Amino acid sequence: MAALYNLEPQPTAKVILNTTSGDLQLEIFAKQCPLAARNFLQHCLDGYYNNTVFHRLVPGFIVQGGDPTGTGSGGISAINNGDAFEDEFHTRLKFNRRGLLGMANEGPNTNGSQFFFTLGATPELQAKNTMFGRIEGDTIYNLMKMADTELVGLEEGSERPMYPTRITGAEVLVNPFEDMVARVKEAPRSKDEGKKDTKKRKKPLGKQVLSFGDDEEDAAPVMKKVKANPKLVVVEEEAQEKPVEKAPKQKKEKLSRQDQPMPDAVEVAASEKLGASRTKEGAEEEDDEESEDDAEAKRQKKLDSTNAEIAALKASLKRTVDTGPKQKEKPKSALESMIPTTSIRGRKRGKATDERGALDLFKKFKSRLEDLPDDETSATTTNGDAEAANGEAVAPTAADAEDDEAALCDLHFIANCESCRKWDEEQLDGDAEDDGEEDMSWMAKKLTFAKDTKGKDLEWKRKMEEIEVIDPRAKAQELKMERRKGKSERKLAEEDRVRSKR
């Protein structure tokens, strides 16, 4: 009988953890460890573990992950507003084999988001770390693949894998907590990150902002305060300032002032102070607009430069293709279109005079073949070729040699095509049938076979004679008869001896 029994309770939740080393199918004991199970399932729903790595590997002990910073000192819990939660121990949940899921901590009741898988029996973790799940089925081999990697550094005590496994996603198959929903796509990675307030962009002062009717405060424009003290403004300083208005407007104002009667000194000073304040406000507004225009121009310049770099990179990745003007190809005939592109074209033939000379040689050779008897045609064809070559060696020229090389068949465009040659021979043989005369020469043929000089047909008879068939019963009978015969001969010999003594 087995010495170990599996006393673990039935799991009530299931999760598939997708990693670069393969999927891990997990079973969670949510009834026995509700806090750890809720924390782990909530992180899986929020996408908290996406793109995190298993940053710690102790061969034969554990593989640890769940830290978004990848250093082993980050991560927050999904419950208690990010604070750590308590440990949970159960008598039927023990670290007695590989493939068990537990919570990593820094001490008692300091559980966060980090978890680990055991690579063997780890009884030293009992009553120190919360065990709340296990790996199901053949996905345990993906865990062993994660553990089979090298560590960074050759010194002893290194726990950082050289090529850590990355979590690409998580899928919750069975969730016993009905009130649990995905809060955000990716939860905050630390406590400070979740408490940071998003900075709002300041609205430009003195400018009317488009309102959609929801906020009534933004409807009225905010006027800028005058930074200069109007009591300290001097008329001479105002005269030194650059005018803001355009030249034609200034001319019109001068003409109007000349026509009007001279006001009192107090009224002039007050009007000049008011004009100075207005010019300062206009200058500040123009400075703000110029700064915004400069910032927009810089952004546009950067955007153009990046677009140019992207276009250059795309052009470098493309194959170099000749974009020059393509010449229009002449339309091919039906015969030329049948010629394959891989075929080798023969050299051009010579002049018409060279072809006539070759034709004369062919006619002479044909007349010699017709003069020969029928029974010796096969024997003299080769001799006729040699005589034609020797007798007319002076007549052919260099163009004839080129003509021989250019002898390509009309169907396959191959020099010395065997199939076309056989076809021509069959056509020559079939001329008699075309005339309506039946060729009865095949009736004179006889079916003959070569004589069997090696005697292969009678070899089996000789081999059968060499085979000796031995019947064990017959052999035993022969041996028995020989023994009897020997006994009878010995008996007769003894009787003869006795008689001779008498």
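**Reading burial and cavities in a predicted chain**

Of the 502 residues of the protein chain, 22% count as buried.

Reader: What kind of model is this, and how many helices and strands does the protein chain have?

Author: The model is predicted. The protein chain has 14 helices and eight strands.

Reader: How do I read contacts by separation in sequence? What share join residues at least 24 apart?

Author: Take the contacts between residues at least 6 apart in sequence. In this chain, 70% of them join residues at least 24 apart.

Reader: And the surface? Which atoms supply 53% of the exposed area?

Author: Carbon and sulfur atoms do. The total that the protein chain exposes is about 39900 Å².

Reader: Are Cys-33 and Cys-44 buried or exposed?

Author: Buried means under 20% relative accessible area. Cys-33 has 1%, so Cys-33 is buried. Cys-44 has 6%, so Cys-44 is buried too.

Reader: How many disulfides does the structure hold?

Author: Zero.

Reader: Now cavities. How many of 30 Å³ or more turn up in a search of the whole structure?

Author: A cavity is a space where a 1.4 Å probe fits but cannot get out. The search finds three of 30 Å³ or more.

Reader: What is the volume of the second largest cavity?

Author: About 50 Å³.

Reader: Which residues line the second largest cavity?

Author: Phe-54, Leu-57 and Val-63 are among them. So are Met-146 and Thr-149. The list also includes Pro-161, Tyr-163, Pro-164 and Thr-165.

Reader: How does that lining divide into nonpolar, polar and charged?

Author: Seven residues are nonpolar and two are polar. No residue of this lining is charged.

How values were computed
Residues are numbered from 1 along each chain as its sequence is written. This is a predicted model: local features need pLDDT of at least 70, side-chain atom pairs count only at pLDDT 80 or more; totals for chains, interfaces and linings use all residues. Side-chain values use heavy atoms; hydrogens and water are left out. On a 1 Å grid over the protein atoms alone, a cavity is a set of points where a 1.4 Å probe fits but cannot get out, and a pocket is an open set with protein on both sides within 12 Å along at least five of seven lines; lining residues have an atom within 4 Å of a point. Grid points are joined across faces, edges and corners, and a volume is the space filled by probe spheres set on the points. Ala, Val, Leu, Ile, Met, Phe, Trp, Tyr, Cys and Pro count as nonpolar, Asp, Glu, Lys and Arg as charged, and the others, Gly among them, as polar. Helices (H or I, at least four residues) and strands (E, at least two) are DSSP runs, numbered from the N terminus. Buried means under 20% relative accessible area, exposed over 50%, partly exposed in between (1.4 Å probe, protein chains only). Contact means heavy atoms within 4.5 Å. Accessible areas come from the Shrake-Rupley method with a 1.4 Å probe; for residues, only the protein chains shown count as cover. A disulfide is a pair of cysteine sulfur atoms within 2.5 Å.
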